[in-house]
There are 2 protein chains.
Amino acid sequence: MNPIKNAPNTTEAENSNRSHDFNDFQQPHRSLLQQLRPAKKDLLTAAQTKIDNKTKPVGSLGRMETLAVQLCLIQEDLNPVIRRKSMFVFAGDHGVVEEGVSAYPSEVTGQMVKNFLEGGAAINVLCRHGGIDLRVVDMGVATEIKSHPLLMEKKIRKGTRNFARTPAMTTQEALRALEAGMEAFLAEYQRNPIDIVGLGDMGIGNTTTATAVICAACGVDPLDVTGRGTGIDDAALTHKAEVIQRALRLHDPDPKNGFDILQKVGGLEIAGIAGAALAAAAKKTVVVLDGVISTAGGLIAYLLHPHVRDYVISGHRSVEPAQQAALSFMKLSPLVDLNMRLGEGTGAALAIHLADAAAKIMQEMASFEDAGVSREMA
Amino acid sequence: MNPIKNAPNTTEAENSNRSHDFNDFQQPHRSLLQQLRPAKKDLLTAAQTKIDNKTKPVGSLGRMETLAVQLCLIQEDLNPVIRRKSMFVFAGDHGVVEEGVSAYPSEVTGQMVKNFLEGGAAINVLCRHGGIDLRVVDMGVATEIKSHPLLMEKKIRKGTRNFARTPAMTTQEALRALEAGMEAFLAEYQRNPIDIVGLGDMGIGNTTTATAVICAACGVDPLDVTGRGTGIDDAALTHKAEVIQRALRLHDPDPKNGFDILQKVGGLEIAGIAGAALAAAAKKTVVVLDGVISTAGGLIAYLLHPHVRDYVISGHRSVEPAQQAALSFMKLSPLVDLNMRLGEGTGAALAIHLADAAAKIMQEMASFEDAGVSREMA
């Protein structure tokens with residue numbers, strides 16, 4: 001399933017069309033992106049030594065240890081701390097739903113946004129459970145959404161165009177959507193700094209869009225990685241893969257150009273996620289991706305600015321096969337694997353608890369010296 | 001790796017040597033065990049229907065859904081709730097350490113117990129993080145442990161005998177150790193009811209013991225499933241597997257008789273874990289197993305009383321290969337897989353957060369009807 005054709009080395013991807021794209025951003029967004037720097041790798045040895053001196057066999061906390069070290073590099077501190085945890089659910093509709101790719105009708109996007117605002121969805125439960133502040137961003141829901149304290153209104157248009165026939169967005173719309181994602185994150189960050197952010201999605205039809213984005217960037221075949229989304233049957237699955245395949249042939253997006261892919265076969269919520277990931281990384285906030293849609297957004301951000309990768313954690317393994325192609329491309333591996341495929345940020349919410357635990361392990365655990373515990377025998 | 005020879009059907013295991021063993025328990029322990037009943041399976045359809053009506057595609061929360069349903073059956077309530085979370089770390093030393101099977105000296109057991117009592121170990125960090133009450137039970141540490149409010153003193157003897165030469169415990173010691181585990185749980189439960197309990201371990205040498213227990217019960221070969229524990233090299237690994245193999249030939253424990261296995265090649269902390277699992281299940285408390293030692297304890301409990309299985313969750317997948325043999329035998333699959341191999345209850349502590357999340361999903365999420373969300377198209 002995994003012929004990753006286009007994996008860029010960082011420098012290559014970095015130099016591709018990035019500067020061009022960044023010049024098109026408005027001034028405040030451009031200067032925010034200039035703040036995005038690689039994480040502080042010169043702390044690596046000190047962080048590794050610190051975790052190795054904790055009262056446990058070396059490496060015995062597995063992924064929790066690499067996570068703890070990553071947090072040190074991001075926060076530039078050997079005592080990383082997760083104070084404020086945030087979750088953004090970016091919502092948008094998809095013109096491609098006209099092609100019969102989803103088990104649910106488009107109006108469910110708006111209905112679910114209402115459910116989020118009323119507190120009844122899975123992501124509400126998991127954010128309350130995890131002490132995570134939730135905001136919902138209307139990037140392009142087809143129906144009207146009434147104002148609400150939890151809602152951020154960033155509607156670019158009422159759903160994308162049907163990319164089976166025409167580019168999903170104009171270049172201006174794609175640019176505005178990326179900027180809107182950055183603005184959404186930044187507005188919350190400025191209200192109160194955010195240490196870790198989960199990026200979730202809502203949008204009927206968006207596994208089709210995310211799969212198209214991932215296939216375009218990673219050079220994988222839609223017939224190999226298209227999944228059942230909310231639950232379509234075999235016939236609909238084949239049809240969905242063919243719709244994606246035809247769209248990629250029609251638009252022929254440049255695999256190295258995240259902006260080109262986004263505009264031609266992307267989604268408004270995917271743009272919001274990409275923008276938020278870029279803004280968060282610029283502010284040294286840990287970014288937790290969720291399932292296949294969130295990962296597609298992370299992938300767009302990565303193509304636009306590869307250093308974003310240093311700030312990213314993959315929250316969970318989705319049932320959707322395209323996610324793995326994107327994760328391999330970015331060399332990420334998911335924290336949680338619970339056979340989930342809901343999106344909304346639900347996997348990211350569970351992973352945030354683990355990241356917070358990793359920070360506390362680094363900060364609070366005693367060393368062999370502190371505790372007077374004997375070391376391994378020679 | 002996985003030739004499970006002895007998987008009992010429930011009735012068979014149930015009828016084996018159980019009644020004999022239970023008659024040897026003191027009266028209060030015997031009557032506690034009589035309270036252990038299968039979970040309320042007649043709620044299965046109602047619980048499944050309830051989770052299927054939540055605002056999400058059917059099955060899209062994966063393992064979280066099966067967990068939510070299990071909690072309903074255990075609590076006999078379609079609105080399961082996790083109020084009090086507890087963790088017990090059972091500690092004991094192992095005579096078999098004389099054979100050179102561990103990378104650490106025996107005195108580390110007592111030193112780590114002191115670390116637990118002072119709050120500096122990984123399990124302390126994770127229990128604070130997860131809102132979990134921690135108690136440490138001295139089942140048989142070789143050194144003296146000073147009294148402490150977090151400590152429960154149940155020392156049966158200063159470490160087991162070296163089972164490479166002689167049975168690890170007398171039948172009286174094994175019986176008392178099981179009872180002590182039950183008493184430890186019950187004392188905390190009576191102070192304040194416990195909804196979910198993690199069962200952790202500390203004991204230098206105890207991956208050797210746990211592997212012996214699992215091989216005896218599941219009919220697997222020590223050469224196939226012995227792991228590196230705290231971190232031994234290749235030569236020591238082969239030696240460790242051979243020590244276990246010889247001990248099993250020497251004592252020839254009855255694979256269906258958990259008590260016989262425990263007494264001949266078990267550990268005092270493993271007995272404590274088994275006893276606590278039985279007592280917790282009798283009180284309808286959810287039992288979360290940790291790594292290979294905790295799972296060996298769960299396995300002893302299962303052989304003694306198969307209905308305990310209904311109350312058990314496997315918290316995490318350990319790096320130790322014997323754990324998988326025990327999990328397959330009990331038909332359990334672990335929630336978290338983070339490449340961890342520390343024990344102490346660390347994997348269980350992380351899993352408790354997930355179980356609590358699952359309970360809240362069942363209780364708090366809106367149904368399609370509540371939220372006015374359209375269902376899947378026909």
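**Entry 1: strands E1 and E4**

I began with strand E1 (residues 85-92) and strand E4 (residues 196-202) of chain A in this predicted model. They pair in the parallel sense over 7 bridges; two strands pair if DSSP finds at least two bridges between them. I looked up Lys85(A) and found Ile196(A) as its bridge partner in E4(A). My helices (H or I, at least four residues) and strands (E, at least two) are DSSP runs, numbered from the N terminus.

A note on the ground rules: residues are numbered from 1 along each chain as its sequence is written, and chains are lettered from A and ligands numbered from 1 in the order in which they are written. Local features need pLDDT of at least 70, side-chain atom pairs count only at pLDDT 80 or more, totals for chains, interfaces and linings use all residues, and side-chain values use heavy atoms, with hydrogens and water left out.

**Entry 2: the whole sheet**

Next I traced the open sheet of 6 strands in chain A, and I read its order as E3-E2-E1-E4-E5-E6, with parallel pairing. Strand E3 (151-153) and strand E6 (312-314) of chain A each have a single partner strand, so one side of each lacks a neighbour in the sheet. On average, neighbouring strands of this sheet are turned by 25 degrees against each other, direction ignored.

**Entry 3: helices on the sheet**

I then checked what H8 (residues 171-191) of chain A touches: E1, strand E2 (133-140), E3 and E4 of chain A. Contact here means heavy atoms within 4.5 Å. The direction of H8 makes about 155 degrees with that of E2(A). I found H16(A) lying across E1, E4, strand E5 (286-289) and E6 of chain A, at about 160 degrees to E1(A). Axes are lines fitted to C-alpha atoms, for helices over the stretch in contact, and angles run from 0 to 180 degrees between N-to-C directions.

**Entry 4: H16 against H16**

H16 (residues 346-364) of chain A also packs with H16 (residues 346-364) of chain B, at an angle of about 150 degrees and with axes 11 Å apart. That makes H16(A) roughly antiparallel to H16(B); the cut-offs are under 35 degrees for roughly parallel, over 145 for roughly antiparallel, 65 to 115 for roughly perpendicular, and oblique for the rest. I noted the contact residues as Leu350(A), His353(A), Leu354(A) and Ala357(A) with Leu350(B), His353(B), Leu354(B) and Ala357(B).

**Entry 5: the two copies**

Finally, I noted that 100% of the interface residues of chain A are also interface residues in chain B, so the copies meet through the same surface.
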